[in-house]
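Subject: Structure for you to look at

Hello,

I am passing on the structure we talked about, with my notes underneath. Please read them with the structure open.

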Amino acid sequence: MGRRGRGGVGPLGQREGVDAVRVRLPVGGWATLREHLAERYGRVIGVERVDAMLADGAFVGADGRAVAGDEPYAAGRTLWFHREFPPEEPVPFEVGIVHRDERIVVADKPHFLATTPRGRHVTETALARLRRDLGLPHLQPAHRLDRLTAGLVLFVVRPEDRGAYQTLFRDRRVRKEYEALAPYEPDLALPVTVRSHIVKERGVVAAYEVPGAEPNSESRVELVGRRGGLARYRLVPETGRTHQLRVHMSALGVPILDDPLYPVVREDGPEDYARPLRLLARVLEFTDPYDGSPVRFESRLELAWPPG
């Protein structure tokens, strides 16, 4: 429902660590603000709710003043409002802080917690929690980690520094190392480098591989240890496709323990916090773009062997 502002918190500030939504009015034939907003959001929240928000002064201009529904429509104008937060079940795990300085925060994101607000996960996200807990309203992630994956995420404190750290991830100048628990397969020759073409379609929960297509993903898989029929693996991705490590481990015949999507999509249901996806982003390693120093961060979280 609209766009969140970039590089700032807008005239409304933040609520629960979440930015207000920024609405830029497009070219069109609406006579009043109310006509446009009712058409734009009426199908999502209902025209009655749009009218109530206007009556409550929920929509504001760039100066922070509430706008009236009968104001003349002006293309190019920017409005702001706070969306209503959906009810969320609190994720019962803390976000750990591995490193903090004036430019970055490196956090240990727990399983089940989304990195940033999206869909039904808004206030129960690592970004919203860290903004609230650390008092850093401009904090933004330099990259993202799947909601079900635990481990290291790098956040940038100041908007002017974000581009430099994002570029490191975009240009693959960050070495990432993951750890996973999965079945032990004695016939699987390790270490092995897996390359394939992965497609993730919007609105489809699971990604898939296209046999014979030009590879767009690469992962190295190594055996670290073994306990009975399970093994601990080190995973080093060279690319960053959605669900890449989960897809590649499943393709090798050793799907990550408690994965709800691979190799079979599990029916959606309540979160089972006792059975997290056994995948951990353990290491981030790169050359700092500002002082040129080599840095290496290691997660303080552990993947516990399942009981039995």
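The notes below go from the whole chain to single elements and residues.

**Overall**

Please keep in mind that this is a predicted model. The protein chain has five helices and 17 strands. Its C-alpha trace spans about 70 × 45 × 40 Å along the principal axes. The chain has 308 residues, of which 46% count as buried. Among contacts in the chain with a separation of 6 or more, 61% are between residues 24 or more positions apart.

**H1 and H2**

Two packed helices are described by the angle between their axes and the distance between the axes. For H1 and H2, the axes come within 7 Å and cross at roughly 130 degrees. That angle makes H1 oblique to H2, since it falls in none of the ranges for roughly parallel, roughly antiparallel or roughly perpendicular. The crossing of H1 past H2 is right-handed. On the H1 side, the contact is made by Arg34, Leu37, Ala38, Tyr41, Gly42 and Ile45. H2 contributes Val47, Arg49, Val50, Asp51, Met53 and Leu54.

Glycine 69 sits in the loop between helix H2 (47-55) and S5. This glycine counts as buried because its relative accessibility is 17%, and the cut-off for buried is under 20%. Beyond its neighbours within four places in sequence, glycine 69 is in contact with Thr32, Leu33, Arg34 and Leu54. Two of these names, Arg34 and Leu54, also appear in the contact between H1 and H2. The C-alpha atoms of glycine 69 and histidine 36 are 9.3 Å apart in space, with the two positions 33 residues apart in sequence.

**Aromatic pairs**

How many aromatic pairs are there? The count comes to nine. One of them joins tyrosine 41 and phenylalanine 81: the ring centres are 5.6 Å apart and the planes stand at 70 degrees, so the pair is edge-to-face. Because tyrosine 41 lies in helix H1 (residues 33-45) and phenylalanine 81 in strand S5 (residues 78-81), the pair ties together parts that are 40 residues apart in sequence. Are these two residues buried or exposed? Tyrosine 41 is buried at 2% relative accessibility, and phenylalanine 81 is buried at 0%.

Tyrosine 165 and phenylalanine 286 make another edge-to-face pair, with 6.5 Å centre to centre and 80 degrees between the planes. Here the partners are 121 residues apart, with tyrosine 165 in helix H4 (residues 159-170) and phenylalanine 286 in strand S16 (residues 279-287). Both count as buried: tyrosine 165 has a relative accessibility of 1%, and phenylalanine 286 has 4%.

Tyr165 and Phe286 also belong to one aromatic cluster with Tyr290 and Phe297. A charged side chain lies over one ring of that cluster: arginine 103 is over the face of tyrosine 290, 4.0 Å from the ring centre.

**The loop between S6 and S7**

Glutamate 102 is in the loop between strand S6 (96-100) and strand S7 (104-109). Leaving aside neighbours within four places in sequence, its contacts are Val157 and Arg158. Glutamate 102 and arginine 158 are 56 residues apart in sequence, and their C-alpha atoms are 8.3 Å apart in space.

**H3 and H5**

Which residues of helix H3 (residues 126-134) are buried? They are Ala126, Leu127, Ala128, Arg129, Leu130 and Arg131. The elements that cover them include strand S2 (14-15), strand S3 (18-19), S6, S7, strand S8 (140-141) and strand S9 (150-156). Just after H3, glycine 135 has a positive phi of about 65 degrees.

Helix H5 (residues 244-251) is largely enclosed by the rest of the structure, because seven of its eight residues are buried. The buried residues of H5 are Gln244, Leu245, Arg246, Val247, His248, Met249 and Ser250. Glycine 253 follows H5 and has a positive phi, near 90 degrees.

Those are my notes.

Regards

How values were computed:
Residues numbered from 1 in each chain as written. Heavy atoms only, no water. Phe/Tyr/Trp six-rings, centres within 6.5 Å; stacked < 30°, edge-to-face > 60°. Helix = DSSP H or I, 4+ residues; strand = E, 2+ residues; numbered from the N terminus. Buried < 20%, exposed > 50% of the residue type's maximum accessible area, 1.4 Å probe, protein only. Lys NZ or Arg CZ within 6 Å of the ring centre and 35° of its normal. Contact = heavy atoms within 4.5 Å. Axes fitted to C-alpha atoms, helices over the stretch in contact; angles between N-to-C directions. Parallel < 35°, antiparallel > 145°, perpendicular 65-115°, else oblique. Left-handed = near helix turned anticlockwise from the far one by under 90°.
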